[in-house]
Every structure is written in C-alpha cells, then in structure tokens.
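Okay, thanks for having me. Let me put the model up on the screen, and then I'll walk you through the strands and what sits around them.

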Amino acid sequence: MIVIVLTAAPPKIRGHLTRWLFEISPGVYVGKVSARVRELIWEQILDNIRDGRAVMVYSANNEQGLEFKTYGQEWSPVDFEGLELIMRPHDQGESSGKSQGASRRKGWSNASRYRRFGR
C-alpha cells in the first residue's frame with residue numbers, strides 16, 4: 001500500500017500519478033504498486049515538484065509497519081532508537097510561553113471538566 005500527498009504540485013505530476021494510483025481527494029493518491037514502481041514514482045516527483053511539497057508513506061516490514069519520505073517539508077523524519085519520527089522546527093515563541101497567534105489557556109479542558117465533575 002502506498003499513499004502520496006502533494007501540495008502545490010504542477011499538473012504534470014498529478015497526471016502522471018493517476019496512471020498508477022487512485023486520486024481519492026485533491027492531491028492525495030493511494031494504491032498498491034511494487035517497490036520498483038514506487039521508487040520510480042518518487043524520482044518523477046522529485047524531478048518535477050519545483051516549489052511544491054510531497055509526502056510518501058508506504059508499507060514496510062519493520063516494527064512500525066510503514067516507512068515514509070518527504071520533500072519540501074519543514075518537518076523532517078528522524079530516527080529515534082529504531083523508530084522513525086517526525087521532528088518539527090522549534091518555534092522561538094514556544095520557549096517563552098508565548099506562541100505566535102492566539103495564546104493557549106491553561107487549566108482543565110472542557111471535556112476533562114465534564115468527566116471530573118460528572119456533568
């Protein structure tokens with residue numbers, strides 16, 4: 001099984017992917033192809049994506065049961081003790097407790113209040 005998600009991709013790539021995979025939503029492709037075809041598809045994406053972004057997730061025989069590749073993403077895959085995790089860039093505003101945009105409220109969430117007080 002393979003899943004590819006494209007953002008800001010040229011029509012050429014989208015048309016090429018529909019030869020091999022089903023487009024279940026705009027920019028989301030799903031299918032079952034061999035490892036050789038999967039690698040050829042990824043090469044085509046890298047050659048033609050320009051300023052767009054791509055994520056490919058596919059089945060693998062490992063503990064997680066999947067592997068993934070990314071291109072043009074701010075978040076990057078990192079190996080952590082044998083598990084592949086995604087590391088997102090550190091935002092300077094988070095270290096001081098002030099994030100950009102809306103500030104986070106502290107305390108109990110509404111759902112936990114209802115559970116806690118039995119409402």
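So, strands β4, residues 53-59, and β5 run antiparallel, and six bridges join them. If you want one spot to look at there, find M56, which stands opposite K69 in β5. And just to be clear, this is a predicted model.

Now, packed on the sheet you'll see helix α2, residues 35-48. Which strands does α2 touch? Those are β1 (2-7), β4 and β5. The direction of α2 makes about 175 degrees with that of β4.

Let's go over to another pair. Strand β2, residues 22-25, pairs with strand β3, residues 28-31, in the antiparallel sense, over three bridges. For instance, E23 has Y29 in β3 as its bridge partner. β2 and β3 form a hairpin, with two residues between them. Look at G27 in that turn: its phi is positive, about 85 degrees.

Okay, so how does the sheet go together? We've got five strands in an open sheet, in the order β2-β3-β1-β4-β5, with antiparallel pairing. β2 and β5, residues 66-71, are at the edges with a single partner strand each, so each has one side with no neighbour in the sheet. On average, neighbouring strands here are turned by 20 degrees against each other, if you ignore direction.

Last bit, side chains. What does the charged end of R38 sit over? It's the ring of Y58, and the distance to the ring centre is 3.9 Å. As for aromatic pairs, a search of the whole structure finds zero.

Notes. Residues numbered from 1 in each chain as written. Predicted model: local features only at pLDDT ≥ 70, side-chain atom pairs only at ≥ 80, totals over all residues. Heavy atoms only, no water. Phe/Tyr/Trp six-rings, centres within 6.5 Å; stacked < 30°, edge-to-face > 60°. Lys NZ or Arg CZ within 6 Å of the ring centre and 35° of its normal. Pairing = 2+ DSSP bridges. Helix = DSSP H or I, 4+ residues; strand = E, 2+ residues; numbered from the N terminus. Axes fitted to C-alpha atoms, helices over the stretch in contact; angles between N-to-C directions. Contact = heavy atoms within 4.5 Å.
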